[in-house]
Structures are given as C-alpha cells and as structure tokens.
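Here are some worked exercises on helix packing and strand pairing. Keep the viewer open and try each task before reading its solution.

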Amino acid sequence: MQWILTTTEQPPEWFIQTVKHHTSLSSGIFAAQLLWQRGIQTELQLAAFVNYQTYQPASPFEFGQEMSLAVNRLKKAAQSSEKVAIWGDFDADGITSTAILWDGLGQFFEQDRQLTYYIPNRLKESHGLNQLGIDNLAQQGCKLIVTCDTGSTNIAEIIYAQQLGIDVIVTDHHTLPPERPPVIAIINPRYLPKEHQLFHLSGVAVAYKLVEALYETLPDVPQYPLTDLLDLVAIGLIADLVQLTGDCRYLAQLGIQQLHTDHKKTVTEKRRPGVGKLLELCQKNGDRPTDISFGLGPRINAVSRIHGDASFCVELLTSRDIKRCHQLAEETELANSRRKSLQKDVQAQVAKKLTQLDLSTTNVIVLEDPQWAVGVLGLVAGQIAQETGHPTILLSTENSLSDSETSDNSALLARGSARSINSVDLYQLVKEQAHLLHRFGGHPFAAGLSLLVENIPLFTDAINQKLRQSLGGTNLVPTVQADLVVTVADLGKDLFLELKVLEPCGMGNPIPKLLIKDCWFENSWHRNQEDFKGNKIQYIKAEFEIRDDSSNSPFPGIWWGHYKDDLPIGKCDCIAEIDYNSYKKRYEIRLIAVRSCVDSELKTQNSAIILDWRNQEYSELSNKNSALIIKDCPTNWDDLRAWLRKSVYNQQQLVIAWPKPQNPPPREVWLNLVGIAKYLSRTNQPVTRIQLLEKLSISDQTLHLGFKALKYLGFTIQRQDRNFQITWNTNNASETLVDNAMKKFLSAVKEEQFQREYFATVPLSIIQNNAF
C-alpha cells in the first residue's frame, strides 16, 4: 500500500490567528493548515464554513420550472383528495428521504388514507421503480407517485405507470437519462451547474427541498415547523457520503444540532423516540457526524441487507409511539449485528478467492459465489477495493430471476454490487457493458448490477480490457493519505476540539488523517463484539495503547476488524483519526493503517557495497566506506533492532537500510496452502513436494509444519512415490489443536522470509542520520 502525505502549505499568520478564534484551547495551527489546503483561505469563506448562521441557503425554487410543476401537481392532488404514494429506496438515504416526505407531505395529505409509501425489497427487487410495485399501488387507487432517491432513469416503468393512469414526480440525485423522462416533474440537482450550491444534494436533501417549496407555497397549512425534519436530513446526507459543501454542509450542521438537542431530552419529550433509542443502542450522543456514519447509518442500512424489507424503518424514524419505536430499534440493532457477522464471513471467503487472482494482470476484480449474501456484497466490495486499489465487483448467483425482472425464470441471474477507487469512474465503466447486463444503476464510486450468469466471463473480460486501455499502462495500487504529522503528545482533547472545527466531514472534506511516526503499541488485546443482549458477534475489535518518544503517557486506541496480532512489534508508523468515545468518556484514536518501520525506513538504494556472507570475507569490506558489518545473523527483527541501536549509539553517523520485502504476508501463505489442499482434494490430483515448495516459497521444514496444521483441519496427506495425495474430511478436524499448529507455521514462514529477504543479500546504505 502506498502512503501519501498531503502537501501542506504554511498558511499566513493572519489566517492562523483568525482560526484560533474558533479554537480557543489550542494554537489553531493544525486546523489552519487543513482549512488552507482545502481551499478555505479568506475570512468570508472561513465564517461561512464554520458558522452556519452566516451561510445563505438556496431557495428550493432554484430548481426552476421543475419545482413549480411538482408543487402545482401536489396542490391539485390535495385539492382533489387523490391518493399519493411515496416511492423510496432501501438504503439510509432512501429511507430518510421517504421519512421526510411521509412527515412533510403528511402536513398536506392525511397519512395512511391519502398518503402511503413503498420501499422495494433489497433481496427480491432492485433499486428504482418496478412494474409489480406499480401494479400494487394502482390497485390501491394511487394517482400520483413521488419518488425519492430514485427514479431518474426508470423510463419504461414511468411510461407503464402513465398507462395505468398514475402520474410521476421524480426527486433524485443519481445519474440523469439522455433525455428528460416523461414525468410531471423531475427534481434532480445534476441538472444544475457543478458549481451550484445545490449540486451535491443527496436524495434526502432533494426531498426536503420539495417539502420546503410546499411550505413556502402553502404556509398556512402545516401544523409543525419545517425545521422538525432537519435531523432526518442530516442522517441521510452523512450516511450517503455526498460531498458536504454548499447547502449540504449547511443542512448537515443544522440537522446534527437538532439531533443532539432531541437526544438530550427525556424519553417522553423526544420527538423521534426511535432515533433516540438507536443512538442509545450504538452508544452515541448524536452530536458528531461519526455518530451517523458509524452508528445510525449502518444500522438503518442493515435492515434491508438482512431482511430485504426495510419498510418498518420509516415507522422507526417517524412514529411517536415510544414502545413500538423501542421494539423496532432493537430489531434494527439485531439486524446490524447479523450484518457484521455475515460481512466478516463473506470477506473471508472473498479473501480466499483473491489468492487465486494475479492482481498484476487484473484491473477490475470480478468474483462470484452462489453462497454469498447479496445484502453485504457492497460493503465487502468496498473493503476489497480499498485494500487492493482495484475496482471490485462481487456477485451472488444463488437465485433465479424473479417475475418482476423477467418472464424467463429458468435463467440464472447473478446480482451484486460494485465499488470503485477514486481514479476510476465505475458507473461509466459498467455502463459501457450495458448490453451484457440485465439491470444496473449507481454513481462513479458505487453501483448495483444484475446479469445472466452465462454473461459473467464476457463481462469480466470486457470490463478489464476497457479499464486497461483507459489506464494506458498505469498500475493500480492501494493508497492511504495522511493530512497532518503529529506526535502522541499532540493527541488529546485540545487536538480533538481543534479539528472538530472542520466538522461535519465527508467527501470533499474528509475526516483528518493523522500520521504518527516512530511509535509503538502496548497493552494490546482483542475481543468479539457483543449485541445489546450480550450475545457475541463474529466481528473483532483490537484495543491498544500507543506511545512514542514525545510523551511518557500512552494514548488509547482501537482498530476495527483486526486482531491484536495484526499490530506490528517494535517501532512503526501509523495513520489514524482522533475521536471521542462517549461510552467510555475518553479521547482515543481509530487506527486506519499501520506499517512497521522496517517498511518505511528500508528503501531500495543503489549501493556499491553488497554484503553476501555466502561468498565474501568480512575483512574485504570492513574498511570500505566505514561500512557497518553484521557478523552474526539475527533470527528476528527485534534482535536486529537492539543490536543496531547499540551500534549506532557507538557510531552516531552510521545506520543501515534494506530493500522493502516482496513476500506475501504469512497469513496469505497459509490461506494459499489451505486453498491448494482443498483444490487437490476436490480434483483428486497429486502434487509433488517441489511444486508445493515453489508455489508457496517455503522450505521443507516449514512445509512439514504446514502439513501438521492441515491434518488438524481434517486433511489427510499420503505419500505415493514422489507425489502427495491430499483428501479432506471435516469430521476429522480438531479445532482445539489447529490454532496452535497454524501459529507455528505462520511463525516459521515469518522467520524464513525475514532471513531470506534481509540477510541473503543486503545492500548497505550509509546515512548521516540516526534513524534508530
């Protein structure tokens, strides 16, 4: 993974002093650097960025005639007592959009009698309008459908609704069709110029603007203030990861303030008891954007991922029935717990399949499996894309096509999700293969798609070829970017409050990433998470204390989805975010990436001095260029580092550097061995010792340890002449013994890689700097 430190330009002193007015407890230098490099460079810009009260929001009628057409049609529906249906989407933006229109239009239409809503089932239906749902609404007597967070490209479905006598108003923020759809009105910020303050609105904010226009047009009708909807707007905006600039930032700031204010009230006073209970279950206060992005958002999304039908989430967000809301909140929390376990399982299975891919010749990762849960594929695809630096598409082939999608139920359909990296427009890439797809939709960073299973090979080849051509020989590598360099002594309340000036963070204004150099970890441990009932969830979190030479006091931190053994031993560099844990009442860091100082310090360097003790005498080198000679081969990095520290203290000017190791992680070697064993068992093919040693790049001794570990997994390895025959029976597995055997194998691989990479041939570099 490539680490990038954002180029920082020192802001002028007047700007630092201006920022300091908003960070009275600290110098303001860190916040000033970030604001300056993110384009906030005048007093006016700073005032509008920090204080929403100085910002002038745009009128809903900036959408022009489309907004007027929508308002007029809704007025007509109200006057004629027509039945109106809200058609939402099943993700957090779609659910909050539906809740906004349910509460907002509910001021003008009688809920349940005149007003209803429809949320597609994630596991049975796709995003957008569909004929079965339209038929259902037609049978209920609906004459008008108002979409939210969906509908812009559903031309055929819109025409079908018209044929049934149903008008359609689209409110959306996704990709536009080539021509205006045949609707009463389409309110989509993508029709506006890119620099317009409304351009980045998400679905929930567009829905809010429609309600705002109605409030302005018919001010005497509503019984509740428009501001009552702002907390829902903030949840949808932040959960949907849109760029928080212009009105997006303004609405998010107002909404978070209201969310926190309502959360501080007693249970009976809360306007949204369901939201309050959700915050309680995820141990958040509602005063931070991360309370939404890591708390409310994932929980709302989890319902459709697990159950398919997320309709009750609208009731959860809008009902005033405390008992009912608490029941629904607990169901939502349990769905999120189940989602975490499913996600971990699928991620492990995807990781195994990845070992069979050559990423040096693969541009777009496309993987399929009949057992994968469709609901979590987008989350796992996002993780894989981030880790590998490659756009990732994951497909499940479990179900046949439903009646709502095609009349040919014998055809097998693959459905799944795609996630991209910053440099690749995934939507356009997928769109160019539309002739191979059944359905697709999304935006440059994420998409959903379905296609016939028989088309997957053609689709995979075509999309890889297209990206290969567009990259022009450029290699895709995973990257992680840091914004500021800090020390452990800098961490704490003052830094947290200083950086809080940048909130709410999101796309275009990401959470500040802090680079901490030459640090180390202590008192690390990990455990499975538990749900609110005390049941363990198959999702790991490592906790630790971080130290460096800047302070005698450690600072606490967490690393989601990792074991304590994933933390490197000895000095390292890490990238983290600072946070406040409202449950533990402490400030802590959330680890994003970590690398051993071996990786950061040891660069490949051109040097005339090569020490290879297999064929050279030390005496030949000892007097050349004051070379630092290693006479005894250490068996691990900690021993070597201790020796180097001692040597460098005696010879202040001397240090040593090695090339960055090219070996795969030991755990990957283990997974590769298991994958080979499963394949050989399944195909009944023999394998030679040489083939295994070359494939895994390990020694005979280490392979012997690997065979021992395989036996405890249920594998039987038999020698036949010069070959091994491997069979597998899970009934013979011993879970109590496999962990210890696997650890011995991993340790052997690690030590073997260390000695091979660092000591077979070692270029020496004399650096005038004490790096140890």
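Helix axes here are lines fitted to C-alpha atoms over the stretch in contact, and angles run from 0 to 180 degrees between N-to-C directions. Please keep in mind that this is a predicted model.

**Exercise 1. Confidence**

Task: Find which elements of the chain have the lowest and the highest mean pLDDT.

Solution:
- Start with the chain as a whole: its average pLDDT is 85, and 87% of the residues score at least 70.
- Next, go through the elements: the lowest mean, 32, belongs to strand β19 (residues 610-611), and the highest, 98, to strand β2 (residues 83-87).
- Then look at two stretches with pLDDT below 50. Residues 400-409 have 18 contacts beyond near neighbours in sequence, and residues 645-661 have 56 such contacts in the model.

**Exercise 2. Helices α14 and α15**

Task: Work out how α14 and α15 are oriented to each other, and which residues make their contact.

Solution:
- Take the geometry: α14 (residues 322-354) and α15 (residues 377-388) pack at about 45°, and their axes lie 9 Å apart.
- Classify the angle: α14 and α15 are therefore oblique to each other.
- Add the handedness, which is right-handed for this crossing.
- List the contact: α14 supplies Arg339, Gln343, Val346, Gln347, Val350 and Leu354, while α15 supplies Leu377, Leu379, Val380, Gln383, Ile384, Glu387 and Thr388.
- Sort these residues by type, and you get seven nonpolar, four polar and two charged.

**Exercise 3. Helices α5 and α9**

Task: Repeat the analysis for α5 and α9: is their crossing left-handed or right-handed?

Solution:
- The axes of α5 (residues 92-105) and α9 (residues 230-239) come within 8 Å, crossing at roughly 160°.
- Angles over 145 degrees count as roughly antiparallel, so α5 and α9 fall into that class.
- The crossing of this pair is left-handed.
- On the α5 side, Ala92, Asp93, Thr96, Ala99, Ile100 and Asp103 take part; they meet Leu232, Val233, Ile235, Gly236 and Ala239 of α9.
- By type, the contact residues comprise seven nonpolar, two polar and two charged.

**Exercise 4. A sheet and its helix**

Task: Establish the strand order of the open three-stranded sheet, then find which helix packs on the sheet.

Solution:
- Read off the order: β20-β22-β21, with antiparallel pairing.
- Identify the edges: β20 (687-688) and β21 (715-720) each pair on one side only.
- Follow the β21 pairing: six bridges join β21 to β22 (residues 723-728). Glutamine 718 faces glutamine 725, and threonine 716 has threonine 727 as its bridge partner.
- Inspect the turn: β21 and β22 form a hairpin with two residues between them, and aspartate 721 there has a positive phi of about 55°.
- Turn to the other side of the pairing: β20 and β22 are antiparallel over two bridges, with threonine 688 opposite asparagine 723.
- Now place the helix on this sheet. Helix α21 (residues 666-683) touches β20, β21 and β22, and its direction makes about 85° with that of β22.

**Exercise 5. Helices α21 and α22**

Task: Find the residues through which α21 meets α22.

Solution:
- The two helices pack at about 145° with axes 10 Å apart, α22 covering residues 689-696.
- Their crossing is right-handed.
- Val669, Asn672, Leu673 and Ile676 of α21 make contact with Leu692, Lys695 and Leu696 of α22.
- This set divides into five nonpolar residues, one polar and one charged.

How values were computed. Residues numbered from 1 in each chain as written. Predicted model: local features only at pLDDT ≥ 70, side-chain atom pairs only at ≥ 80, totals over all residues. Heavy atoms only, no water. pLDDT = per-residue confidence, 0-100. Helix = DSSP H or I, 4+ residues; strand = E, 2+ residues; numbered from the N terminus. Contact = heavy atoms within 4.5 Å. Parallel < 35°, antiparallel > 145°, perpendicular 65-115°, else oblique. Left-handed = near helix turned anticlockwise from the far one by under 90°. Nonpolar A, V, L, I, M, F, W, Y, C, P; charged D, E, K, R; others polar. Pairing = 2+ DSSP bridges.
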